[in-house]
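Trainee: I have a new structure to read. Can you take me through the terms and how each one is justified?

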Amino acid sequence: MSVMWRSALRTCRRGTGSLKNTRAEWRGVRGCHGTGTPIAPAFPAGSVSALEAMELWTRCFEEGDVAEPDHSTRYITAHVLGAKTIESIQQERLTEHLSCEKAKQLWELCSRRLSRVPVQYVIEEWDFRDLTLKMRAPVFIPRPETEELVELVLADLQARRGSGTAAEAQHRCLEVGCGSGAISLSLLESFPQLRAVAVDRSEEAVALTRENARRLGLQDRLDVHHLDVMEDAETLLCLSRSISVVVSNPPYLFSEDMALLEPEILRFEDHSALDGGADGLRVIRQILTLAPRILPIHGRVYLEVDPRHPQLIHQWVKERGSELRYVETRRDISGSPRFCILQRKS
Ligand SMILES: C[S@@+](CC[C@H](N)C(=O)[O-])C[C@H]1O[C@@H](n2cnc3c(N)ncnc32)[C@H](O)[C@@H]1O
């Protein structure tokens with residue numbers, strides 16, 4: 001069993017943090033079912049400081065088998081105090097009494113976390129590279145690996161800008177399955193010459209991507225469409241004029257692995273954002289089938305995949321006599337083969 005999927009919380013809000021997928025984490029995946037409903041600490045009769053509240057809630061999360069109890073408390077408390085991290089708050093603010101309003105908010109948000117709502121949905125925002133994105137269930141929460149996918153695409157775009165013609169420098173990117181907009185918005189933010197088309201089958205995802213684009217002032221360079229690539233291929237092809245890059249973090253879990261996910265993911269995130277069918281390749285195959293009709297010669301496809309996929313994808317394009325050439329596999333920070341790069345043949 002080599003499922004590599006996990007909650008997005010194992011990272012600091014800023015930067016990529018640890019991506020290690022340890023055995024202990026997987027114990028967390030399976031070991032916390034059926035422990036009964038955990039009980040929230042009583043709302044304090046007297047006053048309470050942020051530090052005291054954090055201690056109470058961390059213990060409660062530990063007893064309730066909530067993943068990453070300490071991180072959860074810290075993010076929620078920081079959010080209630082109007083900060084991103086506890087470290088950025090002065091010590092005096094953490095030891096002074098919380099106002100009744102703040103204490104109530106803290107209890108309400110921590111109670112949601114205790115019922116396993118992912119912390120990103122609890123605080124309704126999360127950082128992805130340099131951006132702070134709005135988060136809303138059930139839209140997929142961006143994972144740290146995907147920041148590496150963006151870096152990969154950016155490095156290639158920069159290299160091609162350096163060596164190409166002015167026309168080549170005007171890249172237009174297509175993202176399949178935009179979720180909260182993390183990939184497209186991050187690319188647009190870092191590459192001012194870029195324009196993007198982003199599609200998703202989920203209406204909630206489309207709405208959230210549009211909202212995040214507006215909040216970040218990137219809406220003029222991004223077209224977002226509600227579209228299912230499995231069903232609306234012809235519409236996608238019409239929307240995909242002058243595209244030189246296709247990027248996607250598609251649903252890529254093998255269906256049989258879905259049951260092993262943490263309760264946070266299973267209960268609150270959209271399953272169709274995760275489940276890639278029996279071999280995890282359902283949406284990937286469709287992207288690779290359509291890509292040669294979308295891309296110009298030498299145009300590229302960048303995919304985030306399960307570590308079992310690069311070999312299968314390589315074999316698939318070869319056997320099919322695809323107009324795509326498999327360029328290379330890149331590993332993520334934990335050493336897993338995670339990203340596939342393909343290119344339209346000349
Ligand atoms: C793993 S999530 C990635 C979201 C976002 N790109 C990110 O990295 O945070 C996959 C996304 O693909 C979308 N999706 C799944 N199947 C799709 C399909 N057939 N057509 C279009 N979008 C699809 C899901 O709704 C989800 O938003």
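Mentor: Start with the ligand. Helix α9 (182-190) and strand β4 (195-200) each supply at least two residues of the shell around the ligand. Keep in mind that this is a predicted model.

Trainee: What makes a residue part of that shell around the ligand?

Mentor: Its C-beta atom, placed from the backbone, must lie within 6 Å of the ligand. There are 25 residues around the ligand, and P142, G177, G179, N249 and A273 come nearest.

Trainee: How do the residues of the shell divide into nonpolar, polar and charged?

Mentor: The shell has 14 nonpolar residues, seven polar and four charged. Gly counts as polar in this scheme.

Trainee: Why is α9 called largely enclosed?

Mentor: A residue is buried if 20 or more other C-beta atoms lie within 10 Å of its own. Seven of the nine residues of α9 are buried, so the helix is largely enclosed by the rest of the structure. The buried ones are A182, I183, S184, L185, S186, L187 and L188. Over the whole protein, buried residues make up 41% of the 346 residues.

Trainee: What does the secondary structure of the protein come to?

Mentor: It comes to 14 helices and nine strands. Seven strands form an open sheet with mixed pairing, in the order β5-β4-β3-β6-β7-β9-β8.

Trainee: What makes β5 and β8 edge strands?

Mentor: Each pairs on one side only. That holds for β5 (222-226) and for β8 (324-331), so these two are the edge strands by the pairing rule of at least two bridges. Neighbouring strands of this sheet are turned by 15° against each other on average, direction ignored.

Trainee: How do you know that β3 and β4 pair?

Mentor: Two strands pair if there are at least two bridges between them. Strand β3 (residues 172-176) is joined to β4 by five bridges. The two therefore meet the cut-off for pairing. They run parallel. V176 has V199 in β4 as its bridge partner.

Trainee: Which strands pair with β9 in the antiparallel sense?

Mentor: Take β7 (residues 300-304) to start with. It pairs with β9 in the antiparallel sense over five bridges. Then β8 is joined to β9 by seven bridges, and these two also run antiparallel. F339 in β9 stands opposite E304. F339 is also the bridge partner of R330.

Trainee: What is notable in the hairpin of β8 and β9?

Mentor: Five residues lie between the strands, and G335 takes a positive phi near 90°.

Trainee: Which helix packs on the sheet at β8 and β9?

Mentor: Helix α14 (residues 309-320) does, touching β8 and β9 (337-344). Its direction makes about 170° with that of β8.

Trainee: Why is P69 called partly exposed?

Mentor: Buried takes 20 or more neighbours, and exposed takes 12 or fewer. P69 has 19 C-beta neighbours inside 10 Å, so it counts as partly exposed. It sits in helix α3 (residues 69-80). Not counting residues up to four places away in sequence, P69 touches T58, F61 and E62. R113 is 44 residues from P69 in sequence, and their C-alpha atoms are 9.5 Å apart in space.

Trainee: What about phi of D65 and E68?

Mentor: Phi of D65 is near 60°, a positive value in a residue other than glycine. Phi of E68 is near 50°, also positive in a residue other than glycine. D65 is found in the loop between α2 (50-63) and α3. E68 is found in the loop between α2 and α3 too. D65 has 17 other C-beta atoms within 10 Å, so it is partly exposed. E68 has 18 such neighbours, so it also counts as partly exposed.

Trainee: What makes the peptide bond from A137 to P138 cis?

Mentor: Its omega is near 5°. P138 lies in the loop between β2 (131-134) and α7 (144-163).

Trainee: Where is the pLDDT below 50?

Mentor: Begin with the average. The protein averages a pLDDT of 89, and 87% of the residues score at least 70. Over residues 1-5 the pLDDT is below 50, and this stretch has ten contacts beyond near neighbours in sequence. Over residues 14-35 it is also below 50, with 29 such contacts in the model. Where pLDDT is low, the predicted coordinates should not be read in detail.

Definitions and conventions. Residues are numbered from 1 along each chain as its sequence is written. This is a predicted model: local features need pLDDT of at least 70, side-chain atom pairs count only at pLDDT 80 or more; totals for chains, interfaces and linings use all residues. Helices (H or I, at least four residues) and strands (E, at least two) are DSSP runs, numbered from the N terminus. pLDDT is the predictor's confidence in each residue, from 0 to 100. Two residues are in contact if their C-beta atoms, placed from the backbone, lie within 7 Å. Axes are lines fitted to C-alpha atoms, for helices over the stretch in contact, and angles run from 0 to 180 degrees between N-to-C directions.
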